[in-house]
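Here are my notes on this one, written as numbered points so you can follow along in your viewer. Shout if anything looks off.

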Amino acid sequence: MVTLNRLFTALRSSVQSQQQFIANTAHQLRTPITGLQAQLELLIAEAAAAPVKGRLLTLQEGIRQLAHSANQLLTLARADPTVNMAARNQSVALDVMVGEIAARFFDRALQSNIDLGIDVTPASILADPSLIDDLLSNLVDNALKYTPSGGTVTVSVGQTNGKAHISVEDTGPGIPEGDRERVRQRFFRLPNSPGHGSGLGLAIVDEIARLYGASMAITSGTGGRGTRIVVRFP
């Protein structure tokens, strides 16, 4: 029994060290990446950069993807069950947070000619606000990424029998039924996926949901079109 306890302690320590390494690495990456983004924006605005603007825009998109991946790694580290337990019992008004996140993504939706709407009723949970923000942001980001021009993305919040739920529905190509479990895996991307994503978005959503004993269901959208993802909290 003593040997077994020592083994579990060693395994727990190893996992915690790995999570801390990921968090520290992601955090250290964020500052220089932010600086690169700012400098590149200034360079693109310069008249002298006109002849190579196309290449600079490609570089800018690559750095944006790198920043997104660093943030996702940091989120995965924060979602570890042994990290920052005190922050996980704060009251989070989901309807208010959805409004804030929709406002954050509004310009992107407008530029992509996507109708981003919300349908909310008051609902609150006890959680870490930053993790729920990450959960919602990844759902909306994923929906916008896969929805073509002229499509719609709708974010809903409500309660059923006193239990809060969040749903994000889009009019994109949908997720084949056979892949709906696989998209929960880290780094899995559907064939012919747009852009150069890391395949972490829905894995993050699923991990945060499980952290709070919530379930994540993936179905087709209204009329069998697109994707609808629902997170139900206990």
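1. Let's start with helix H5, whose buried residues are Gly201, Leu202, Ala203, Ile204, Val205, Asp206, Glu207, Ile208 and Ala209. That makes 9 of its 11 residues, so the helix is mostly covered, with buried taken as under 20% relative accessible area. Note that the list includes Asp206 and Glu207 alongside residues such as Leu202 and Val205. After H5 comes Gly213, which has a positive phi near 70°. Bear in mind throughout that this is a predicted model.

2. Next, the main core. The largest nonpolar core has 43 residues, and the members touching the most others are Leu94, Ile132, Leu136, Val231 and Phe233. Who supplies it? Helices H3 (94-111), H4 (129-146) and H5 (201-211) each bring at least two residues, and so do strands S3 (124-127), S4 (152-160), S5 (163-170), S6 (215-220) and S7 (227-232). The top contributor is H4, with 8 residues. As background, nonpolar side chains in soluble globular proteins tend to be buried together.

3. If you want one residue to click on in that core, try Ile132. Which residues does Ile132 contact once neighbours within four places in sequence are left aside? They are Val92, Leu94, Met97, Ile125, Ala127, Ile208, Tyr212 and Phe233. Two of the names there, Leu94 and Phe233, also appear with Ile132 among the core members that touch the most others. Ile208 is a familiar name too, being one of the buried residues of H5.

4. There is also another core, apart from the main one. This one has 8 residues, including Ile33, Leu40, Ile44 and Ile63.

5. Now strand S3, which has two faces. Ile125 and Ala127 sit on the covered face, while Ser124 and Leu126 sit on the uncovered one. Both Ile125 and Ala127 are contacts of Ile132. S3 pairs with strand S1 (residues 90-93) in the antiparallel sense, over 4 bridges. To get the register, look at Gln90, which stands opposite Ala127 in S3.

6. On to charges: the count is 8 salt bridges. In one of them, the side chains of Arg108 and Asp141 meet at 2.5 Å, N to O. Those two are 33 residues apart, with Arg108 in helix H3 and Asp141 in helix H4, so this pair links distant parts of the chain. Which partner is buried and which is partly exposed? Asp141 is buried, at 8% relative accessible area, whereas Arg108 is partly exposed at 28%.

7. A second long-range pair is Glu169 with Arg228, whose closest N and O atoms are 3.7 Å apart. Glu169 belongs to strand S5 and Arg228 to strand S7, 59 residues apart. Glu169 counts as buried because its relative accessible area is 19% and the cut-off is under 20%. Arg228, at 31%, counts as partly exposed.

8. Last one: Arg184 and Glu181 form a salt bridge at 3.5 Å, N to O. Here Arg184 is the buried partner, with a relative accessible area of 18%, and Glu181 is exposed at 56%. The pair belongs to a network of salt bridges that links Glu181, Arg184, Asp206 and Arg210. That brings us back to H5, where Asp206 is one of the buried residues.

Notes
Residues are numbered from 1 along each chain as its sequence is written. This is a predicted model: local features need pLDDT of at least 70, side-chain atom pairs count only at pLDDT 80 or more; totals for chains, interfaces and linings use all residues. Side-chain values use heavy atoms; hydrogens and water are left out. A nonpolar core is a set of buried Ala, Val, Leu, Ile, Met, Phe, Trp, Tyr and Cys residues joined through side-chain atoms within 4.5 Å. Buried means under 20% relative accessible area, exposed over 50%, partly exposed in between (1.4 Å probe, protein chains only). Contact means heavy atoms within 4.5 Å. Two strands pair if DSSP finds at least two bridges between them. A salt bridge is a side-chain nitrogen of Lys or Arg within 4 Å of a carboxyl oxygen of Asp or Glu.
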